[in-house]
Amino acid sequence: MLRLGSLHLLRGANVAVKPMVLRSIQPVNARPSMLSNLNCVRNFASKKPKAIKPVMQHTSSPLGVSADGVAADGALKRKAAPSAFPSQQFKTYKPTTPGKRWLKRVPRDHLYKGKAVRNLTIAKRSTGGRNNHGRITIRHRGGGHKRRVRIIDWHRAETGVQEVMRLEHDPGRSAWIALLRHEETGSLSYIVAPHGVKAGDKVASYRNSDDAKVTPSSDSVDAITRTVSIEKGNCMPVKMIPVGTIIHNIGLRRNGPAIIARSAGTYAQLIQTGETGYAQVRLSSGEVRRVPVDVCATIGSVSNPDHQHEMLGKAGRSRWLGIRPTVRGVAQNATDHPHGGGRGKSKGNKDPRSPWGVLAKGGKTRKSPNPFVVKPRPRR
């Protein structure tokens, strides 16, 4: 009231004083909370206008898919997964147990789920690494699951076309095996499956065919006019294979079995050949080796190339495979290993070597060079 009176005196008598409006003061509990007001403001501000979907224009493409991921017939195509996602070539598991955390395996969905052909298998008797005297000659062997040895046709002597019936898993090797059925005789046989071969494919062997027996000196048939099918899975002499072809299951003798490049993912490249003499092949290790031109080889590379990147996940899986633990040399006694004995982790100022004193890293153990090796593999 004092302020109103002072204003009345300053402004003069003609100024009318506005009547006071008394506002009722609400109790504290009845006031609206500041948080609710903020929420209202935030909710109102967070509302976005509805986006107008653009109309897709279907453009024609030679591949049948336009740039916006729409097929030529108007069907939407799923976009490709980013490269940062894990690869689908390995099968991993949710880590419900410690053994599954690091387990990484190659998918085997395409393999046959049943048993092998009984007539093409023989029993395998485990020895535990012992010889006929009962002494351990191969360490770290023993236990494991019971197995049967699959009889593999390393010679491919039967000519003619064979059909791939199915692909199977062989517990005795890292590569897949293929069951073949001869179209004429109906006989069954196992071979190491080449990479990319699937059920229903046709393979052939030209080992004992008339084309393989043709020589340049023969007058009946011209050696230049012979024709063979250079397809994966076909077996033929090296002299009939073009230079630069990828091959595997290479023999070392004219009528002998396959010896070189039989493990998973291995291969060799033919770099030189002829009608007589020796051919040269470059192995996957980088070594260049001479082989007779009459030996046979199979076109393509061996299946299951990702076997080298598999992870067992736990020690027990190695025991299932018949592999026993390995004890380090520095952890043994001096009588058991050259690295053993001493106090602490000491190898006794010795180079790395085996329990029998053979140098293990970089030491030369070959007394005479192999005359068939043209260029040795690069060594570290």
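Is Val293 buried or exposed? Val293 is buried, because its relative accessible area is 2%. This is a predicted model, and the views below take up one local site after another.

**View 1. The whole protein sets the frame for the close-ups.** The secondary structure comes to 4 helices and 17 strands. Of the 380 residues, 27% count as buried. The accessible surface is about 27700 Å², and carbon and sulfur atoms hold 54% of that area. Among contacts with a separation of 6 or more, 57% join residues 24 or more positions apart. A search of the whole structure gives 7 salt bridges.

**View 2. Val293 sits in a loop between two strands.** The loop runs between strand S15 (288–292) and strand S16 (296–299). Val293 has a relative accessible area of 2%, so it counts as buried. Pro237 is 56 residues away in sequence, yet the two C-alpha atoms are 6.7 Å apart. Leaving aside neighbours within four places in sequence, Val293 is in contact with Pro237, Val238 and Lys239. Its contacts also include Thr273, Gly274, Glu275, Thr276, Gly277, Tyr278 and Ala279.

**View 3. Asp306 is a buried charge without a salt bridge.** Asp306 lies in the loop between S16 and helix H4 (315–320). Which side chain of opposite charge is nearest to Asp306? The nearest is Lys104, 9.2 Å away. A salt bridge requires the side-chain nitrogen and carboxyl oxygen to be within 4 Å. Asp306 touches Gln89, Phe90 and Val106, not counting residues up to four places away in sequence.

**View 4. Glu163, Arg181, Glu183 and Lys202 are linked in a network of salt bridges.** Side chains of opposite charge can pair when their charged atoms come close. Lys202 forms a salt bridge with Glu183, with the closest N and O atoms 2.6 Å apart. This pair links distant parts of the chain, 19 residues apart. Lys202 belongs to strand S8 (residues 202–205), while Glu183 is in the loop between S6 and strand S7 (188–192). Lys202 is partly exposed because its relative accessibility is 44%. Glu183 is also partly exposed, at 41%.

**View 5. Arg181, a member of that network, lies in strand S6 (residues 176–182).** Arg181 has 29% relative accessibility and so counts as partly exposed. Its contacts, leaving aside neighbours within four places in sequence, are with Gln162, Glu163, Met165, Gly186, Ser187 and Leu188. Val203 is 22 residues from Arg181 along the chain, and their C-alpha atoms are separated by 10.0 Å.

**View 6. Two salt bridges involve the buried acids Glu168 and Asp170.** Glu168 pairs with Arg166, the closest N and O atoms being 2.6 Å apart. Glu168 counts as buried because its relative accessibility is 3%. Asp170 pairs with Arg173 at 2.7 Å, N to O. How does burial compare within this second pair? Asp170 is buried, with a relative accessible area of 2%, whereas Arg173 is partly exposed, at 24%.

**View 7. His140 and Ala261 have a positive phi.** Most residues other than glycine have a negative phi. His140 has a phi of about 65°. His140 lies in the loop between strand S3 (121–123) and S4. At 25% relative accessibility, His140 is partly exposed. Ala261 has a phi of about 60°. Ala261 is found in the loop between strand S12 (258–260) and strand S13 (268–272). With 12% relative accessibility, Ala261 counts as buried.

**View 8. Ile122, Val149 and Ile151 form a nonpolar surface patch.** Together these residues offer about 220 Å² of accessible area. Ile151 lies in the loop between strand S4 (148–150) and strand S5 (160–169). Ile151 is partly exposed, with a relative accessible area of 39%.

**View 9. Lys364, Arg366, Arg377 and Arg379 form a positive surface patch.** Arg379 is placed in the segment after strand S17 (373–375). Is Arg379 buried or exposed? Arg379 counts as exposed, because its relative accessibility is 61%.

Definitions and conventions. Residues are numbered from 1 along each chain as its sequence is written. This is a predicted model: local features need pLDDT of at least 70, side-chain atom pairs count only at pLDDT 80 or more; totals for chains, interfaces and linings use all residues. Side-chain values use heavy atoms; hydrogens and water are left out. Patches are made of residues with over 30% relative accessible area and no salt bridge: like charges are joined within 9 Å, nonpolar side chains (Val, Leu, Ile, Met, Phe, Trp, Tyr) within 5 Å. Accessible areas come from the Shrake-Rupley method with a 1.4 Å probe; for residues, only the protein chains shown count as cover. Lys and Arg count as positive and Asp and Glu as negative; His and the chain ends are not counted. The place of a charge is taken as NZ of Lys, CZ of Arg, CG of Asp or CD of Glu. Buried means under 20% relative accessible area, exposed over 50%, partly exposed in between (1.4 Å probe, protein chains only). Contact means heavy atoms within 4.5 Å.
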